[in-house]
Amino acid sequence: PGVSEVTVVGVPDDTWGEAVCAVVVPRDGASIDPSTIQSWARERIAGYKVPRIVRTAATLPKNAAGKVLRRQVRDMLRAEYAR
């Protein structure tokens, strides 16, 4: 509830090499709590697939066909974690 769209990408992690990161676009007027997203996912998917990091975004980059450009999202996050 409260999630409009989401994409999941890998980001660098010192321990595991890569960590699961979910980038969530909230619905209008909704607020996103990362622990709620993680709990929801933990009930439905395997533990290693549950996002360790949850980020919010106003929008996700898309191509002309409306597909999310996950590579752009991943590159943006990797640049943030490389600092």
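1. In this predicted model, the lining of the largest pocket draws at least two residues from each of β1, β2 and α1. Helix α1 gives the largest share, five residues. The lining counts 14 residues in total, and those nearest the pocket centre are V3, V6, I37, W40 and A41. The space inside comes to about 320 Å³.

2. Helix α1 spans residues 34-44, and its buried residues are I37, Q38 and A41. Viewed down the helix axis, these buried residues fall within an arc of 95°, so they line one face of α1. R42 and E43 are exposed on the other side of the helix. Two of the buried residues, I37 and A41, are also among the pocket residues nearest the centre.

3. What lies over the buried residues of α1? The cover includes strand β1 (3-13) and strand β3 (53-56). Strand β1 thus appears twice in this note: as part of that cover, and as a contributor to the pocket lining.

4. Now the sheet. It is open, has three strands in the order β1-β2-β3, and its pairing is mixed. β1 and β3 are the edge strands, each pairing on one side only. Neighbouring strands are turned by 25° against each other on average, with direction ignored. In general, strands of a sheet pair through backbone hydrogen bonds, either parallel or antiparallel. Both arrangements occur here, as the next two points show.

5. Take β1 and β2 together. Strand β2 covers residues 17-26, runs antiparallel to β1, and is joined to β1 by 10 bridges. The two strands form a hairpin, with three residues between them. D13 has G17 of β2 as its bridge partner. Elsewhere in the pairing, V9 stands opposite C21 in β2.

6. How do β2 and β3 run, parallel or antiparallel? They run parallel, and four bridges join them. One pairing to check in the model is A22, whose bridge partner in β3 is V54.

7. T7 deserves a separate look. The residue belongs to strand β1. Is T7 buried or exposed? Its relative accessibility is 5%, and buried means under 20%, so T7 counts as buried. Leaving out residues up to four places away in sequence, T7 touches C21, A22, V23, L60, V68, R70 and V73. Two of these contacts recur from the points above: C21 stands opposite V9, and A22 is the bridge partner of V54.

Methods: Residues are numbered from 1 along each chain as its sequence is written. This is a predicted model: local features need pLDDT of at least 70, side-chain atom pairs count only at pLDDT 80 or more; totals for chains, interfaces and linings use all residues. Side-chain values use heavy atoms; hydrogens and water are left out. Buried means under 20% relative accessible area, exposed over 50%, partly exposed in between (1.4 Å probe, protein chains only). The arc is that of the directions from the helix axis to the C-beta atoms. Contact means heavy atoms within 4.5 Å. Two strands pair if DSSP finds at least two bridges between them. Axes are lines fitted to C-alpha atoms, for helices over the stretch in contact, and angles run from 0 to 180 degrees between N-to-C directions. On a 1 Å grid over the protein atoms alone, a cavity is a set of points where a 1.4 Å probe fits but cannot get out, and a pocket is an open set with protein on both sides within 12 Å along at least five of seven lines; lining residues have an atom within 4 Å of a point. Grid points are joined across faces, edges and corners, and a volume is the space filled by probe spheres set on the points.
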